[in-house]
Amino acid sequence: MQPASSVRLCAEVIESALLGRKVELSILLPPGTEPQAMPTLPVLYLNDGQDIERLGLQATLAEMFANGLLQPFVLVGIHASEARQQEYGTAAQADYLGRGSMAAAYTRFVLEELLPFVQLHYKVSANSTEAVFAGFSLGGLSAFDLVWHHPAAFARAGAFSGSFWWRSKALDAGYTSADRIMHGLVKAGTLHPLHRFWLQTGTLDEQSDRDGNGVIDSIDDCLDLIEALAGQGLDLSQRLRYVQAEGGRHHPDTWGKVMPDFLLWAFGATAAALPTPIPMVRLQLTPAQPLPEEALISTGAAMAAEESGAQNDSTDEPLPLTPEPAHRMQLARPVEGDFLPYYEKYISLVPEDADPRLMLREQTAEVEAALGALSEEQAQLAYAEGKWTVKQFLLHQIDTERIFAYRALRFARGDSQTLAGFDENEYAENSGANERSMSNLLAEYRATRAATLALLESFTDEQLLRSGTANGARVTVNALLYILPGHERHHLNIFQERYLPVLGVR
């Protein structure tokens, strides 16, 4: 028997005909309520419900309920599947890689299967003003899309580090800001009188800066979406709350810490629970500085500052922004004699007139999206007997990038010593990749990519023309710039063609 003050956790499973799978739910009930004798309560539907424990949500809710900060409500956590990248997104359109192909089916599942089930078994309100939909990253984009297009079911949306970069065209294929899908849907749609939005970004969400304005893309994309909402008539002072977490990362640790602000916005017990609404609220999450009391109410362990020096392999280290190019390089496509003929298969994968540095930036997001959504169990799989696991596959990208970048460094500095090749299979066998977590490997991948881009941006035209001998053949620094993204594209193609079917990802 649980104490009356505890937050009750219930587990449910829906057999979804629309998604063709079983959907697990984690239901959190306020203290003192039982499913059989519940009054009709407001409800929060949450994408990525499998992360409730990582977010510390049960403890956060228990403390906030105990302190009288929240009105009673039901939280419905919808567990994502291996097809997360296909089920989340924008229902009207998949992205340029075909991700989000099942987003329309997911929307129908929510409206036609999930809502009737929860409303029947847990007596939650069917009033859209008492229903909130929220999510994290790609799940945040999905939540926003659902609320924007279906205000009769949910009037309010919350997006933690929402993937508003979601685009119809790759960066190296003539991309412009008009290719962002959700922004276009907002501009083409109609604002509903009941619409309310809570949007959050972290200043360390990423390191990319497409337009070179000194603001990372995730913040730019969110602010541009707010501008689109304002253009549709949204009163920013009354119907929007934008939280920019200083020191916040694209990670459940940050999202768990800003969760109290969202909960107070969505289900605060009194109108005075939050400061007077303003377009932007900044929360300081850097460990060395305290959180502003007027902006965020402490919730014990869920709001504690990160312990100095604590080891946590699930926390991605923040990356610095890649510096501006030290020189304006005159890139030229490598020609025969600039590289070992074997590398032609990589260079051929770099589109004509593409900037290989921009291609590397684009691939960083692609790798994180593709591999970051996998479970630890999936990451231990190989597509055939004797082939690399996903973890070994990822560490091979890291190892190879370091070696190619090292060759570029040596030759750019005028080093004439011959450099040996390496046995990729021997490296994979001795890498220890399978003993590491995916989050740890992805953190190393991002750190390596940031260092590589900083090095490439530093080269002068003269340095690009320099060459040396590696793996028994001459190669120019310029050719190595093209080999790097071409090599990764080659392996990403293998991942899509051979790994995804084995992983059960469509």
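**Close-ups of a predicted model**

At 29% relative accessibility, R210 counts as partly exposed, where buried means under 20% relative accessible area, exposed over 50%, and partly exposed in between (1.4 Å probe, protein chains only). This is a predicted model, so local features need pLDDT of at least 70 and side-chain atom pairs count only at pLDDT 80 or more, while totals for chains, interfaces and linings use all residues. Residues are numbered from 1 along each chain as its sequence is written, and side-chain values use heavy atoms, with hydrogens and water left out.

**View 1. R210 pairs with D221.** The closest N and O atoms of this salt bridge are 2.6 Å apart; the term covers a side-chain nitrogen of Lys or Arg within 4 Å of a carboxyl oxygen of Asp or Glu. D221 sits in helix 6 (residues 217–231) and R210 in the loop between strand 7 (196–204) and helix 6, eleven residues apart. Helices (H or I, at least four residues) and strands (E, at least two) are DSSP runs, numbered from the N terminus. Unlike its partly exposed partner R210, D221 is buried, at 1% relative accessibility. Zoom out a little and there's a salt-bridge network of R180, R210, D217, D221 and D224.

**View 2. D261 meets R241 in a salt bridge.** Here the closest N and O atoms are 3.0 Å apart. D261 belongs to helix 8 (residues 252–267) and R241 to strand 8 (residues 240–249), so the pair ties together parts that are 20 residues apart in sequence. Both D261 and R241 are buried.

**View 3. R357 and E457 join two helices through a salt bridge.** The N to O distance is 2.9 Å. R357 is in helix 10 (residues 356–372) and E457 in helix 14 (residues 438–458), 100 residues apart. R357 and E457 are both buried. The whole structure holds 26 salt bridges.

**View 4. Helix 3 has a kink at L114.** Helix 3 (residues 103–122) bends by about 35° there, shortly before the proline P116; the bend is the angle between axes fitted to the seven residues ending at a residue and the seven starting there. Buried residues of helix 3 include F109, L114 and F117. After the helix comes K123, with a positive phi near 55°.

**View 5. H396 is tucked into helix 12 as a buried residue.** Helix 12 spans residues 390–412, and H396 has 5% relative accessibility. H396 and A433 are 37 residues apart in sequence and 9.3 Å apart in space, C-alpha to C-alpha.
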